[in-house]
Amino acid sequence: MTDVTFQLRYGSNLTYECSLAADRVVASHLPPPALTDLPARLSEALAAPLEFPALHQAIVPGDNVTIVLERDTPQAGALLAAVWKEIASRGVAPDHLTVLQPASYRSQPPTDPRDALPADVREHVTWKVHEPATEVECAYLASTAAGERIYLAREAVEADFVLTVGELAFDTLLGYRGTSSSLYPGLSTAEALRRSHGQGHDELSPDDQRPLRELTDEIHWLLGGQFSLQVIAADGQNVSAVVAGQADAVLRHGKKLLAETWRFEVPARPELVLVAVEADAGGHHWSQVAAALDAARHIVARDGRIVLLSELEEEATDGILMIRDARTPRDALQPLRQAAPADLIAATQLARTIDWANVYLLSRQDHDLVEDLFMIPLEDENEVDRILDGDEPCAVIGGGQHTLTHLQNR
């Protein structure tokens, strides 16, 4: 009988290798390969963007340029350096460039993305992480077609040229994250952030109508923003593809790339899913682990088994603690919805998964906490080997936090 060997990267720099009988493997999905020539691909994309002139041709000497850089973007420094090279060729001075990042519920600040810029440029480029503010502290942009008054960070509203830079990815709330989604609510008011906070839409596909996504696209248009530079993730903190140009064209092309690289279709529900979570540009937190478990939940059989490989050691966040304190995972869902903690999406994904299937977690978490969260803690890879030493149908997923899973004909 033929065996299939898998090498799954997980945590910061670990690899788990296993061999499974080919007739057991219902389907498998691994991350797309990383670009080995990222600077060259960036230069090509910016020189010949989709449905837009070369970036340097859209800049007027002396323009005040704002780059809205999405948090947790893979290779953010390299992207910023490539954009700087283009706009500097048109006479934009470093002190006329602002790198603006949206607010986040996460407490830790992002890493300074200016590190890849030349030293004499870096110190003159402004980098700012937006603080959710009141309407008075932001600038009024316009009213939407529905009559909602939109307030955004002044650095975006008052700039001569705004471009968005970030990662195109599947998103449980937006359908697709990328292009315009970095603008709102992350550059708006605390009230806008509160209104947009939700658990995600488990019953919708990414291409279904999403009011919040439609709103961000409208805000991008009202802002006069047209150009966008986006990437598709590979393994770890790497990039598998670069897309630049007119924002709508970038999003259309990006959706096709995502379908080719991170969409995983399974013909039937397996009894066992092995899924790995690697540290990425966003770190290695409950949000990545919960997203990977959610991907496994959508394909595993009811009361089946999910084995997750990670090095998770982040302290339990508010929503996770609400699951711990609930009588059952299902009992936590309504309180989560009512309390809307900062980690609402991750906690909801976790609660739904452990209500659906049996979860075995390899991590650096305290085993008592894992058990209190209705999961089975694993000590090491040897215990993973023992779970896989069976004959039930299984599926294998690498880079689980990026993967969109679904069953065929559904």
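**Exercise 1. Strand β16 and its neighbours**

How many bridges join strand β15 to β16, and do the two run parallel or antiparallel? Then trace the surroundings of β16.

*Solution.* The model is predicted.

Step 1. Start with β15, residues 272-276. Five bridges link β15 to β16, and the two strands run parallel.

Step 2. Pick out one facing pair. A276 sits opposite L309 in β16.

Step 3. Follow the chain between these strands. From β15 it passes through helix α8 (residues 286-297) to reach β16, and this β-α-β crossover is right-handed.

Step 4. Turn to β17, residues 358-362. Five bridges join β16 to β17, again with a parallel run. In β17, V359 is the bridge partner of I306.

Step 5. Check the cover. Four of the five residues of β16 (305-309) are buried, so the strand is mostly covered.

**Exercise 2. The open sheet**

Give the order of the six strands in the open sheet, and name the edge strands.

*Solution.*

Step 1. Write the order: β3-β19-β15-β16-β17-β18, with parallel pairing.

Step 2. Find the edges. β3 (25-29) and β18 (376-378) each pair on one side only.

Step 3. Add the twist. From one strand to the next it averages 15°.

Step 4. Look at the β3 side. Four bridges join β3 to β19, and these strands run parallel. S28 has V396 in β19 as its bridge partner.

**Exercise 3. Two helices**

Describe the span and the buried residues of α8 and α2.

*Solution.*

Step 1. Take α8. Its 12 residues reach 16 Å from first C-alpha to last, close to the 16 Å expected at 1.5 Å a residue.

Step 2. Check how covered α8 is. It is mostly covered, with 11 of its 12 residues buried. Among them are W286, Q288, L293, D294 and R297.

Step 3. Take α2, residues 76-88. Its 13 residues reach 18 Å from first C-alpha to last, close to the 18 Å expected at 1.5 Å a residue.

Step 4. List buried positions in α2. They include A76, L79, W84, E86 and I87.

Step 5. Ask what covers them. The cover includes α1 (38-47), β4 (65-69), β5 (97-101), α3 (119-122), β9 (161-167) and β12 (227-233).

**Exercise 4. The cores**

Which residues have the most contacts inside the largest nonpolar core?

*Solution.*

Step 1. The largest nonpolar core has 37 residues. I299, I306, L308, I323, L350 and M375 have the most contacts inside it.

Step 2. Zoom in on M375. Not counting residues up to four places away in sequence, M375 touches L350, I354, V359, L361 and V370.

Step 3. Another core, of 33 residues, lies apart from it; L42, A45, V65 and V125 are among its members.

**Exercise 5. H402 and E167**

Are H402 and E167 buried or exposed, and why? Then list their contacts.

*Solution.*

Step 1. Locate both. H402 lies in the loop between β19 (394-397) and β20 (404-407), while E167 belongs to strand β9.

Step 2. Apply the cut-off: buried means under 20% relative accessible area. H402 has 16%, so it is buried. E167 has 7%, so E167 is buried as well.

Step 3. Set aside neighbours within four places in sequence. H402 then contacts E167, F170, A233, W262 and D280.

Step 4. Do likewise for E167. Leaving aside neighbours within four places, its contacts include D72, T73, R177, Q230, A233 and H402.

Step 5. Compare E167 with A290. They are 123 residues apart in sequence and 19 Å apart in space, C-alpha to C-alpha.

Key. Residues numbered from 1 in each chain as written. Predicted model: local features only at pLDDT ≥ 70, side-chain atom pairs only at ≥ 80, totals over all residues. Heavy atoms only, no water. Buried < 20%, exposed > 50% of the residue type's maximum accessible area, 1.4 Å probe, protein only. Contact = heavy atoms within 4.5 Å. Pairing = 2+ DSSP bridges. Right-handed = clockwise from strand over helix to strand, strands pointing away. Axes fitted to C-alpha atoms, helices over the stretch in contact; angles between N-to-C directions. Expected span 1.5 Å × (residues − 1). Core = buried A, V, L, I, M, F, W, Y, C linked by side-chain atoms within 4.5 Å.
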